Amino acid sequence: MTQLHPGVIPSLERPVTEATDLSGHLEVFLDRHADALVGFRRDLHMHPELGFTEYRTTARLVEQLKEAGLEPRVLPKGTGVICDIGPADGPTIALRADIDALPLPDEKDVSYASTVPGISHACGHDVHTTVVLGAGLFLAEQAAKGLLPGRVRLLFQPAEENPGGALDVIAAGGLVGVDRIFGLHCEPRFEVGELGVRPGPITAACDKVFVKVTGPGGHTARPHLTADLVYALAKIVTELPAALSRRVDPRSSLSLVWGRMNAGSVANAIPDQGLAEGTVRCLDDEAWHRAPDLMRSLLDSVAGAYDVEASLEYVRGVPPTVNDSASVQMFRDAGSAVLGHDKVVTAPQSLGGDDFGYYVEAVPGAYGRLGVRTPGMPEYDLHRGDFDVDEGCIPVGVRILVSTVLTALCDVPRATVPDDLESAGA
């Protein structure tokens, strides 16, 4: 791994001269563009768009990228952008931002509050988009000077909250030729100037399950003459989570939690059908792939014991986001270089889902947590109508991503050595 010193961005292994002192160049860039980046973020915040309807956001990104002399490509459905920077004959590092908003009303009293009723950027995607754009614009300047030893691919992804926009990016060739991918997500538990990193699982898979139980129905006075469907449904919703937890490695954190049950309409009649709906969450990719078949087997076993029929509709959500350890170290080195070692902290695991997991299933990469809380202020959470960030996080995020890209571009040859060969001393 390239060894960095606090406050220094790697200079692409060239002598540090005025032409290659990228740290100084980046600070000059941010001095010129910081206000414009904040303005861009506020513009997105005022005009949020739900997944696969981000037409205005896409147009604004295309405008900015074309002004920088780049050639952005809009995804086939009309929202989302892919844009390459730098020469194609070197390694390729991708940066991903999600551009969609949430169906939540904006409850903040600020000049840049959402102008769209019932929709807001309550998860920080406007910040993610602005930070990746800012990093891309700076790297485009460096590429024009011949200072970029490889290619950077910007992925402005639609529909993370739906989810599934990542699959559209991949289908459109967004990962073709990519060696590594990085992304940042707002983290209000961390202060501005902090970066959270974590090797291994950082977010969970999240799937939906729908169980339908059917039987002949009957009178509650004679349950022995029919199938006691309500009792059977109760057994299913209590025994399945417990059984699942005993059939997989507990370190996978596979959990089934029910959110809705419905059966019957009167007190003295056993109904002929019942429903249960819930979510399956998991931090382990192997356990996630096994979960549907395992759950069907357990459901059939419990239902059969009570003489009812049970069907399962298992709806895939997103895979777990499992960070590659080498990519996390690049994040750590890069963050330490621009923030200081003490500002790179361990990010907690989350059982929330994020479709960044699809990218790191395909190529090595890492998802980091960008501190967005004003120092000294109380902690708060995402997906709230009053969610906002300290906009000082925007230049911090740009510094982190630029440093990470340059670190990764310099380290790609080593990063391609298989882990088992490295561990064996080959």
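Me: Two strands pair if DSSP finds at least two bridges between them. What makes β10 and β12 count as joined?

Reply: Eight bridges join β10 (residues 255–263) to β12, and the two run antiparallel; two would do by definition, so they pair. Among the partners, Met261 bridges to Ala276 of β12. The strands are DSSP E runs of at least two residues, and the helices H or I runs of at least four, numbered from the N terminus. This is a predicted model, where local features need pLDDT of at least 70, side-chain atom pairs count only at pLDDT 80 or more, and totals for chains, interfaces and linings use all residues. Residues are numbered from 1 along each chain as its sequence is written, and side-chain values use heavy atoms, leaving out hydrogens and water.

Me: How do you know that β8 pairs with β12?

Reply: Ten bridges link β8 (residues 205–214) to β12 in the antiparallel sense. One of the bridge partners is Glu277 in β12, set against Phe210.

Me: Why is Glu160 said to have no salt bridge?

Reply: A salt bridge needs a side-chain nitrogen of Lys or Arg within 4 Å of a carboxyl oxygen of Asp or Glu. The nearest side chain of opposite charge to Glu160 is Arg96, 4.9 Å away, so the criterion is not met. Glu160 is nevertheless buried (under 20% relative accessible area, 1.4 Å probe, protein chains only). Glu160 lies in the loop between β4 (151–157) and α4 (165–171).

Me: What makes β1 and β15 edge strands?

Reply: The open sheet of eight strands is ordered β1-β2-β4-β3-β5-β16-β6-β15. β1 (73–74) and β15 (344–346) each have a single partner strand, so one side of each is left without a neighbour in the sheet.

How values were computed
Buried means under 20% relative accessible area, exposed over 50%, partly exposed in between (1.4 Å probe, protein chains only). Lys and Arg count as positive and Asp and Glu as negative; His and the chain ends are not counted.
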